[in-house]
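Biologist: I would be grateful for a close look at one small part of this assembly, followed by an account of its surroundings.

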Amino acid sequence: MSKAATFLNSQVGRKIATGVTGFGLVLFIIVHLLGNLAYFAGAEAINTYSHTLHQLGPLLWIVRLGLLAFFLYHAWLGVSIWLERRRARPEKYEVYASRGGASRQSWSSSSMVLTGILLFLFVITHLNTFAFHDFATITYGGVEMHDVHARLTEVFLQPLYTVYYVVIMVLLGMHLRHGVWSAFQSLGWMSRKTNPIIYSIAFVLALIIAIGFIGLPLSIYFQLV
Amino acid sequence: MTASKNGTLNSKVPEGNLQDKWDNHKNNLRLVNPANKRKFTVLVVGTGLAGASAAASLAELGYNVKAFTILDSPRRAHSIAAQGGINAAKNYPNDGDTVWRLFHDTIKGGDYRSREANVYRLAQVSNSIIDQCVAQGVPFAREYGGLLDNRSFGGAQVSRTFYARGQTGQQLLLGAYSAMMRQVHTGKIELFPRREMLDLVKVDGKARGLVARNLTTGEIERYAGDAVLLCTGGYGNVYYLSTMAKNCNATAVWRCYKRGAQFGNPSFTQIHPTCIPVSGKYQSKLTLMSESLRNDGRVWVPKKKGDNRPPNEIPEEDRDYYLERRYPSFGNLAPRDVSSRSAKYVCDEGRGVGKTGLAVYMDFADSIKRLGVDAIKAKYGNLFAMYEKITAENPYEVPMRIFPAVHFTMGGLWVDYNLSSNIPGLYVLGEANFADHGGNRLGASALMQGLADGYFVVPYTLSDYLAENLHSKKIGTDHEAFEKTEKETMERINKLLSVKGKKTVLDFHRELGELMWDNVGMSRNRKNLEMAIKKIGELRDEFWKDVNIPGENNTLNKYLEYALRVADYMELGELMARDALDREESCGGHFREEHQTEDGEAVRDDEKFSNVSSWEYKGDDKEPVKHTEDLNFEFVTPTQRSYK
Amino acid sequence: MTIHLKIWRQKDKNSPGKLVDYTVDDANPDMSFLELLDWLNERLMNEGREPVEFDHDCREGICGSCNLVLNGMAHGPMQGTAVCQLHMRKYKDGDTIVVEPWRAKAFPMIKDLVVDRSAFDRIMAAGGYISVNTGAPADANAIPVDKYNADQAFDYAACIGCGACVAACPNSSASLFTGAKISQLAHLPQGDPERNRRVVNMVDQMAEEGFGDCSNYAECEAVCPAEISITSIAKMRREYFNALSEIE
């Protein structure tokens, strides 16, 4: 116990924990994205997919609770590291600038806490919009299930919500642009050779995820599907 | 006429064969038992290679060590700037090196003005130094097989130089520093950064403590101990411009001199031939370019005076490759003192190059043609980049401009074989002592000496002294000697602050430096030395009447620190000139124009000057008295150096 | 050339500081930045004003004493260059340069541009060494080190301990400094016996000194005069993880 506590309280341990939880959340996001893409295969596909997930029962709850724990811990670590930095430099520079070159300071890395907080707020509204919403039902082959497809279509035909969602997904992309690379570095999986490669892969991954998530609402809004 | 006492110094060199002296001596040195070691406190001043290695080694043995550095961290001592490497007689390349050969090269390189026994011991312990440093994790260069790499350095015929890229001094110092920090952690070393030793405290003729200025608060602090180790480096900054760091200074050694410690061979200064030339009055220090460049660079100046054409437009027949012309067998690899002097001569003739006329070309065009740019880049890429950073000239296309600069001082406080000064309890290590390099130091030997003194000599010899003093009374900092010394120090500071004159410390230092460089530099003569002594005296008087020091004592005040140092240079500079005047011969870095052959080569006088000149302070208004220690060469035969 | 300077002046830790304007109208492009400050100080003293205090020593980029933030960048704009090696030819006539000290809680202010970096020494004392007494270690060649590891160790050992990594880090983290020493010793067989204790103790000391966490901004690598890579930080994390699973 004390060893684990020592680890989790250390600067290195906190960073490793941020990386591990970050990776967990990225994994979830990827699965979620794949699920979303089922919409393009038609109403039955996505409704059945959603129904199958719900059939998992207790397992689903374990995953949900685990995800929640990861999410909260990840957020708490991020915020506490951010608070720590104010303590570590009580007097700010009059002028501060990045040297560029090897620096990874960017819009993305400098706004991790901000994008993180916005994502946190988004998740609450997002759960409210979808998970905790009363769904209409639909029956396929005698099995009654939630009509997720109808709800999605309904929501993303509203211009305001769609804009909000797209903006948040851009922020998610930004968060991941630094986050994915950073998690590799935090877990120590980085060498001089792999560093630039992973930095580029992280960019591509963040871009794919962001575009993937943005694709669905825009397709619905512009009635492309 | 200088008052002198000949042969009055006892070097305490042990009897016996050269090879056995150190071992025999160690057998006879008294020991302090472990329980008693913790009763002793040793004050180590300076944390360069000598200081850090001594502090760590003594603390490991169980002594209480207090270590002082003028910088904010021990890791910044100027040993860190040494580039080339460190010599050892390991003979790993199997090229015939031996302890004897390293000894012989060093004593010959020093132009037979060092003590045989000391130099032999240095060569003997050189191998242990490498072992020690490797065990500490110093990342020396290695070959693919995992074994250590060696290179030839400074014209040596064998490859005995160990190196860590161009940063050997840094890596060795960080090794010694880390050993020291380990002892700081155990509590055996107490570290005092930003402290400057301003005087030695003597009780009953023995060194028993020091007073230091806390450079942050200005407070004068007292520290008592059973012995004081001075590891404070050389005094090249007397010349104002040198390759030394800005904070290197002579105050600690000079204050000890004024408390009775004798100063050995003060005029022996090494002037390194390959430095980046001065670019203007604002120049604050000089940067060395590694000597290794001379392996492929050809040194030249225009044949005609005042030839202002750009170097690439001067045709071959209008160039004078003066080193190759004068020294056909050594050419561009002629020793440091010879190359430096030759550069001075051609510039004195008005053939110097660059804006100031105080530079010569070092040209890589032929080597680039012969070996290709890539080969040159692989060898010297870092150095070329550094040169370009400083001068904004690309040495691949335009020849480098170089000029000699003060680099090392072979002189220092006189010490015996035990590294003890003539004040019991005051030990002097590394560049601060006069001991091992004679009239000229060989490349890659300074690092060796600093670490030899600290790791492998002083831990033995100090125990002998402490064992003898086991029962002497402990002295506290409330002793009247501390009171008195502190008061004198305060008076000196207040006197300086109260001058409130018009000229800055820098003005004075620059003037002193010019006097020293012109008259006590690469080439010296009676007339100029006598004039310099007079002018330094006048400048000193002016300094105490007209120096402008800003601020107060009770705060960080770097210009006050600086003023205290320059005040001491004003006195030391005069002693250097006196010593140079007294030594009527040319040897190593000391070249007296009166003593040269028809074609301008140095002439040593072994009859009269096969000795150490050691100067004793007699009072501010009296001339110092010279003592000599005869150098008896039992094992080697001094020969005249020739590089023709 | 004319250079306008805005220099941070602060009497001591307890007094408030502020930027003060100065103009040097006869700067020379061949001057180093520190020589410009010398030049300014000479003038200030001749006018009876107090000179600017700043740390400096070797002025050839190896001792790590100099520590100035110029226009918000530690050691100024040139890559791989300590501020003592920065020459005025990098600037244009009429440029304005804001000069500030390293700012971090772990580097308390002393005066003007001088701060106390002894926290680094304490991190080193916590474990930045190999415990070997002076005496008779084995012959140097008894411990072969393959060239790859020897070169890696050297790259990390090149740290000059200036503290630019901390100064430039938005979080004031000392991870690059600490990681460099840990990585150097982790690449050498001599460092192996103490590797677990070393990394744990040094990392703990780093936090105790009040340095912030690392957020992988890599600004430290960008400003490092020795160009130490942040792979040292990755290495430190691996070492730390392994250490905790191995030590009792």
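In the hairpin of S7(B) and S8(B), which residue takes a positive phi, and how many residues lie between the strands?

Modeller: The model is a predicted one. The residue in question is B:Asp204, with a positive phi near 50°, and the hairpin of S7(B) and S8(B) has two residues between its strands. Strand S7 of chain B covers residues 195-203, and strand S8 of chain B covers residues 206-214. The two strands pair in the antiparallel sense, and eight bridges join S7(B) to S8(B). One of the pairs can be followed by name: B:Leu200 has B:Leu210 of S8(B) as its bridge partner. Strand S7(B) is mostly covered, since eight of its nine residues are buried.

From B:Leu210 one may pass to the interior of the chain. This residue is among the contacts of B:Val45, once neighbours within four places in sequence are left aside. The other contacts of B:Val45 include B:Met197, B:Phe68 and B:Gly51, together with the run B:Val228, B:Leu229, B:Leu230, B:Cys231 and B:Thr232. B:Val45 is also one of the residues with the most contacts inside the largest nonpolar core, which has 308 residues. B:Ala55, B:Met180, B:Leu229, B:Leu230 and B:Leu413 are listed with it. The largest share of this core comes from H16(B), which gives 14 residues.

Helix H16(B) appears again where chain B meets chain C. That contact takes 64 residues from chain B and 66 residues from chain C. On the chain B side, the elements that give two or more residues are helices H3 (49-61), H5 (116-135), H6 (168-186), H12 (446-468) and H16 (558-582). Of these, H6(B) supplies the largest share, nine residues. By class, the side of chain B that touches chain C holds 27 nonpolar, 24 polar and 13 charged residues.

Chain B is also divided into domain 1 (272-407) and domain 2 (481-609). Their centres, taken over C-alpha atoms, are separated by 30 Å. Each domain gives five residues to the contact between them. On the domain 1 side, helix H9 (residues 336-348) of chain B gives the most, with four residues. That side has one nonpolar, one polar and three charged residues.

Chain A may be set beside this picture. It has nine helices and two strands, and from the N terminus on its elements run α-α-α-α-α-α-β-β-α-α-α. Its C-alpha atoms fill a box of roughly 65 × 45 × 35 Å along the principal axes. Of the 225 residues in chain A, 28% are buried. Among the contacts of this chain with a separation of 6 or more, 77% join residues 24 or more positions apart.

A second aspartate deserves a place in this account. A:Asp147 sits in the loop between strand S2 (143-146) and helix H7 (148-155) of chain A. A:Asp147 counts as partly exposed because it has 19 C-beta neighbours inside 10 Å, whereas a buried residue needs 20 or more. Not counting residues up to four places away in sequence, A:Asp147 touches A:Asn47 and also A:Phe135, A:Ala136, A:Thr137 and A:Ile138. The C-alpha atom of A:Ile211, 64 residues away along the chain, is separated from that of A:Asp147 by 25 Å.

Note on methods:
Residues are numbered from 1 along each chain as its sequence is written. Chains are lettered from A and ligands numbered from 1 in the order in which they are written. This is a predicted model: local features need pLDDT of at least 70, side-chain atom pairs count only at pLDDT 80 or more; totals for chains, interfaces and linings use all residues. Two residues are in contact if their C-beta atoms, placed from the backbone, lie within 7 Å. Ala, Val, Leu, Ile, Met, Phe, Trp, Tyr, Cys and Pro count as nonpolar, Asp, Glu, Lys and Arg as charged, and the others, Gly among them, as polar. A nonpolar core is a set of buried Ala, Val, Leu, Ile, Met, Phe, Trp, Tyr and Cys residues joined through C-beta atoms within 7 Å. A residue is buried if 20 or more other C-beta atoms lie within 10 Å of its own, exposed if 12 or fewer, and partly exposed in between; C-beta atoms are placed from the backbone. Domain bounds come from an automatic or database domain assignment. Two strands pair if DSSP finds at least two bridges between them.
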